[in-house]
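Here's a quick tour of a protein model, with the packing inside it as the main topic. Take a look at the structure first.

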Amino acid sequence: MKTLEHHPTITVVIATCGRPELLRRAVRSILAQDYAGAVEVIVVFDGIDIDPLGDLPPRYFRPSRPLRILRTMRNARTPGLAGGRNTGILAARGECVAFCDDDDEWRPAKLSRQMGLWAAHPEAVALATGITIRTRTDSHDRIPPAAVHMADFLESRVTAVHPSSLVYRRAQLLDGQTGLVDENLPASYGEDYDLLLRATRHGPVLSVLEPLVTVHWDRASFFSGHWENIAAGLTYLLAKFPEFEGTSRGTARIAGQISFAHAAAGNTKEAVIWAGRALGRDARQLRAYAAVLVGLRLVPASLMLSVVERRGRGL
């Protein structure tokens, strides 16, 4: 495994489709990193006009910090998050590529702590950090395991490994080992999970065990209520990775999520079919039972989702 230079240039890709105030907060948090190397921020605008971000200079120095560069461009590939991220990856000038959602923000030490960890453990295929999930009523810290392997990701999404915390080597995203973000994923749903599964075929994701990213659930999600897209994306992932066949628990988890999405969308027949698949693999799969309750209209999907999200978790 190639060892990174001590302070490689890092390109941070933010794909956005129209949340200017949140976007500016995200960009400022990245430009304010205490990392000793250069940081390039690429904001990719998808389906909207490019915002010049006039109050954020495109190139500047500060006496106590090295070069920071801000670039803006249009999504030149498939419309959606996957195409936007790939546009940024291909345009990146850094040796490493990080992602940040346009509504999240980083704490100043994020990159410096991650790159220090990578220097000590070059076998990692990607680096994450802990996160703080901020809901409308509370905040919750989520610290991932120190190392997460493919077998772990097959059994659990390990949601504490959040896309806004991840850093990859750009070279591995351009070669056949991991590859670019999958633009065939329906509505780009689960693109981060897909990338983690492909990457960890070749090594672990290591994490800095501190909450260095704030993930905002105190605003509407673009996927909120788009249940058909969620069901289609998860079905695609389950079919794409034959490794799921080796884990009943992991297969049941995905099937339970698909069942719930179908139930929430009003597709009761499909919900029952997927609930049966989930429970056939793991009778303890609670998402399948939740899907049945939603499908029978005993509990609204929105209520069930809001209950778990208030605890900083998802279905």
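What follows covers one helix, an aromatic pair, the nonpolar cores and a histidine.

A word on ground rules: this is a predicted model, so local features need pLDDT of at least 70 and side-chain atom pairs count only at pLDDT 80 or more, while totals for chains, interfaces and linings use all residues. Residues are numbered from 1 along each chain as its sequence is written, and side-chain values use heavy atoms, with hydrogens and water left out.

**Helix 9 and its neighbours**

Let's start with helix 9, residues 268-281. Helices here (H or I, at least four residues) and strands (E, at least two) are DSSP runs numbered from the N terminus. At 1.5 Å a residue, the 14 residues of helix 9 should span 20 Å, and its end C-alpha atoms are indeed 20 Å apart. That expected span is 1.5 Å times one less than the number of residues.

Which residues of helix 9 are buried? They are A271, W274, A275 and A278, where buried means under 20% relative accessible area and exposed over 50%, with partly exposed in between (1.4 Å probe, protein chains only). Looking down the axis, these buried residues fall within an arc of 110°, so they line one face of the helix; the arc is taken from the directions from the helix axis to the C-beta atoms. On the face turned away, K269, V272 and G280 are exposed.

The buried residues of helix 9 pack against these three helices (contact means heavy atoms within 4.5 Å):

| Partner of helix 9 | Residues |
|---|---|
| helix 7 | 227-240 |
| helix 8 | 248-264 |
| helix 10 | 286-295 |

**An aromatic pair**

The structure holds two aromatic pairs. In one, W227 and F260 sit edge-to-face, 5.6 Å centre to centre with 70° between the planes. Rings of Phe, Tyr and Trp (its six-membered ring) pair if their centres lie within 6.5 Å; planes under 30 degrees apart count as stacked, over 60 as edge-to-face and the rest as tilted. W227 lies in helix 7 and F260 in helix 8, so the pair ties together parts 33 residues apart in sequence. Both residues are buried.

**Cores and a buried histidine**

The largest nonpolar core (buried Ala, Val, Leu, Ile, Met, Phe, Trp, Tyr and Cys joined through side-chain atoms within 4.5 Å) has 55 residues. A second, separate core of 30 residues includes I30, L70, M115 and V213.

Finally, H216 lies in strand 11 and is buried at 2% relative accessible area.
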